[in-house]
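Thank you all for coming; I would like to walk you slowly through one structure today. Please have a look at it first, and then we will go through its parts together.

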Amino acid sequence: MTGLGRLASLLEQGRFLVTGELVPPRTPDPEAIRRVARKLRGLVDAVNVTDNAAARVAMAPIPAAVLAAAEGLEPVLQLTCRDRNRLALAADLLGAHALGIRAILCLSGDPIEVGPFTEAKAVFDLDAVSLTRLAADLGHGVGPAGAPVSPAAPFLIGVAEAPGVDPSGGARLEAKVAAGARFVQTQPVYDLAGFQSWLERMTERGLTGKAAILAGVLPPRSAAQLERFAALPGWSVPEATLARLRGAADQRAEGIALAVEMVERLRALPGLRGVHLMGLGPDSGVPEVVEAAGLLPRPLP
């Protein structure tokens with residue numbers, strides 16, 4: 001993985017990884033990206049730059065990733081199959097590589113129905129597995145339909161997984177890893193027992209030895225917010241967790257404490273290679289979680 005950036009180097013060293021998230025705003029103002037990037041600099045090993053998350057329009061992820069990189073962050077570029085066919089996906093991957101982006105996350109994309117643009121047409125020419133394979137092929141100098149690409153465009157390829165909804169028993173993730181994924185970021189974990197059981201199954205399938213699994217952690221700002229999350233597909237939130245937040249005098253502080261405890265418990269799980277800290281908006285709580293959970297200082301590659 002030489003030459004694939006900071007995240008790849010830390011992965012190769014066997015370090016416990018900490019990634020964050022940067023959600024581009026619905027504005028052409030570059031300073032909006034720079035402000036968020038500066039708040040995360042030094043706190044995470046790399047930062048996901050989302051691609052029209054929740055099926056809502058935002059600044060495109062490639063320019064947002066370049067702006068984040070200029071502030072000293074290593075971007076993980078998210079690309080969704082929802083909005084592009086294979087020609088556009090391949091073109092964006094080549095353009096991203098030309099701009100120095102080496103880490104990507106291959107996603108299907110949130111359903112159109114969860115956003116406000118219900119009349120928009122979803123593309124889904126590829127799925128997450130075939131997008132992963134496309135990115136891996138570019139690293140070997142092979143483009144769509146076998147067309148040669150010179151020089152080759154290698155990437156460190158990541159994928160997402162929802163442990164709470166995995167009817168395949170791991171076959172879905174196994175297909176992504178076989179296609180070329182080298183790291184996996186999961187949905188936020190609130191049900192530790194359920195996640196641990198899933199992680200053990202992935203270990204039994206040999207997947208934790210082939211791809212680094214990073215558990216998602218999201219500090220909820222309130223009980224109401226977490227209740228909305230609990231209704232989303234793939235999320236598993238125990239009632240005891242909701243009750244704890246409802247009963248807190250300061251729900252934001254309790255959400256941060258909940259996330260810190262989850263990070264500490266996750267770090268003890270065999271086979272886990274890191275955490276992916278997700279935060280929504282400028283008041284996300286991610287900086288507080290990183291500090292309180294003892295994740296600083298972050299290692300040099």
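Let me start with Leu93, which, leaving out residues up to four places away in sequence, touches Leu79, Ile104, Leu131, Leu134, Ala135, Leu138 and Phe155, where touching, or contact, means heavy atoms within 4.5 Å. Before going on, I should say that this is a predicted model, in which local features need pLDDT of at least 70 and side-chain atom pairs count only at pLDDT 80 or more, while totals for chains, interfaces and linings use all residues. Residues are numbered from 1 along each chain as its sequence is written, and side-chain values use heavy atoms, with hydrogens and water left out.

Leu93 belongs to a wider picture, for the largest nonpolar core has 67 residues, and those with the most contacts inside it are Leu93, Phe195, Leu266 and Leu277. Such a core is a set of buried Ala, Val, Leu, Ile, Met, Phe, Trp, Tyr and Cys residues joined through side-chain atoms within 4.5 Å, and buried means under 20% relative accessible area, with exposed over 50% and partly exposed in between, using a 1.4 Å probe and protein chains only. Helix α10, residues 251-266, gives the largest share of this core, namely six residues. There is also a second, separate core of 15 residues, which includes Leu10, Leu105, Leu156 and Ala212. In soluble globular proteins, nonpolar side chains tend to be buried together.

Now to the strands; here helices (H or I, at least four residues) and strands (E, at least two) are DSSP runs, numbered from the N terminus. How is strand β3 placed, enclosed or open? Six of the six residues of β3, residues 75-80, are buried, so this strand is largely enclosed by the rest of the structure. In a regular strand the side chains alternate between the two faces of the sheet. In β3, Pro75, Leu77 and Leu79 point one way while Val76, Gln78 and Thr80 point the other way, and all are buried.

Two strands pair if DSSP finds at least two bridges between them. Strand β2, residues 46-49, runs parallel to β3 and is joined to it by three bridges, with Val47 standing opposite Pro75. From β2 the chain passes through helix α3, residues 61-70, to reach β3, and this β-α-β crossover is right-handed, a term that applies if, with the strands pointing away from the viewer, the path from the first strand over the helix to the second runs clockwise. Strand β4, residues 103-107, is also parallel to β3, with five bridges between them, and Leu107 in β4 is the bridge partner of Thr80. The chain goes from β3 through helix α4, residues 86-98, to β4, in another right-handed crossover.

Helix α3 deserves a moment too, since Pro61, Ile62, Ala64, Ala65, Leu67 and Ala68 are buried in it, and their cover includes β1 (17-22), α2 (30-40), β2, β3 and α4.

Finally, let us look at Gln78, a residue of strand β3, which is buried with a relative accessible area of 8%. Apart from neighbours within four places in sequence, Gln78 is in contact with Glu21, Asn48, Val49, Thr50, Asp51, Pro61, Leu105 and Leu107.
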